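Thanks for making room on the agenda. I would like to walk you through one model, beginning with its backbone and ending with its ligands.

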Amino acid sequence: MAAVPEAAAARSCQEILMCSFAQRLKENRRELRKRAIDVLQVNMGKYCNQACMHCHVESGPNRTEMMNRETVDSVLRFLATTHIPKVDITGGAPELNQNFDYFVESAVDLGRHVMDRCNLTVIFEPGKDYLPEFFKRHRVEVICSLPCYSEENVDRQRGKGTFDLSVRGLKLLNDVGYARPGSNLILNLVYNPVGPFLPPPQEKLEQDYKRELREKFGIEFNHLYCLSNMPITRYETHLKLRGEYDQYVDLLERSFNAATLDRVMCRDLISIGWDGSIYDCDFNQMLDLALTDVSGKRLDVSSLTVEQIASRSIEVGNHCYACTAGSGSSCGGALIL
Ligand code: SF4
Ligand code: SF4
């Protein structure tokens with residue numbers, strides 16, 4: 001019998017698994033549909049100065065995909081036609097896209113609240129030391145990955161030396177006023193598990209982070225967001241190499257919590273890829289589950305209208321268990337506290 005090509009096998013496996021989550025929705029007499037869009041999440045590209053093992057974007061220094069100026073202008077044109085209040089900028093390391101500053105300034109000029117998902121180490125890349133002041137000037141909400149307050153765990157997941165740079169980056173943000181009383185400059189941290197398990201309760205972990213970071217380093221921050229790792233792309237490979245994939249997927253499925261369905265982020269968010277394609281969320285983007293029109297043509301931000309998104313049914317798959325397990329998970333942290 002001819003061998004099934006690896007990519008095709010993965011796809012068909014994905015389709016089987018998709019049925020499982022869709023079935024779960026059906027059993028709960030639920031479906032996922034868009035509501036009013038609250039967040040425009042923009043992925044500015046896959047290039048990153050890090051290459052973390054859990055990265056669902058599969059970002060790294062060798063990636064070349066970057067949102068160009070034309071697409072950035074299309075995003076801004078679309079944004080101007082909407083009342084979407086928040087712009088959530090992600091990547092890769094979005095600050096390494098040469099259009100980053102322009103995009104932030106333009107979105108702020110449109111009166112939108114801008115959030116940047118910053119890996120902290122980017123502040124120490126050549127020519128990027130202006131970032132803390134730039135964020136402050138535009139009142140950007142900065143959301144930084146820090147999967148643990150222990151150096152060993154952070155360096156294991158994100159690469160040697162990352163913890164030290166992260167601490168230095170957080171101090172620089174504190175120094176310009178982030179998370180200081182009365183500054184209204186928001187600095188949030190993101191925790192994700194270093195192994196194949198669910199995050200612990202968010203509020204308790206936030207207290208632990210605050211105590212440890214304050215006592216050991218004098219660092220302040222506003223909130224901790226707990227995210228589950230998504231078992232797709234690079235993290236899927238990592239889990240499979242360690243023989244932990246089946247066990248983790250099983251844990252996510254067993255932990256399905258229907259109470260999270262009202263709050264999953266895809267209901268209030270649209271995600272734009274570096275090339276202008278449109279998705280329900282960043283995870284669907286990495287699985288290339290692009291939104292299409294009635295003829296099957298991919299939607300593109302250059303011609304996108306709010307009407308094309310309104311009340312759409314969301315593309316779900318088995319990966320959605322990672323958002324709906326336990327307390328739930330989203331770019332804004334746990335869904336149920
Ligand atoms: S810093 Fe973020 S985008 Fe870059 S490799 Fe790590 S997880 Fe991926
Ligand atoms: S992965 Fe999460 S955010 Fe994306 S479509 Fe599934 S439930 Fe929604």
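When I speak of helices and strands, I mean DSSP runs numbered from the N terminus, H or I over at least four residues for a helix and E over at least two for a strand. This is a predicted model, in which local features need pLDDT of at least 70 and side-chain atom pairs count only at pLDDT 80 or more, while totals for chains, interfaces and linings use all residues. Residues are numbered from 1 along each chain as its sequence is written, chains are lettered from A and ligands numbered from 1 in the order in which they are written, and side-chain values use heavy atoms, with hydrogens and water left out.

Let me start with the loop between β2 (86-90) and α3, where Gly92 is placed. Gly91 and Gly92 are joined by a cis peptide bond, with omega about 20°. A second backbone feature is Ala179, which has a positive phi of about 65° although it is not a glycine, and which lies in the loop between α6 (162-175) and β5 (187-191). As background, most residues other than glycine have a negative phi, and most peptide bonds are trans.

Now to the ligands, where a residue counts as near if one of its heavy atoms lies within 4 Å. Gly92 appears again here, since the residues around ligand 1 include Cys48, Cys52, His54, Cys55, Gly92 and Arg158. Around ligand 2, in turn, we find among others Cys266, Cys281, Glu315, His319, Cys320 and Cys323.
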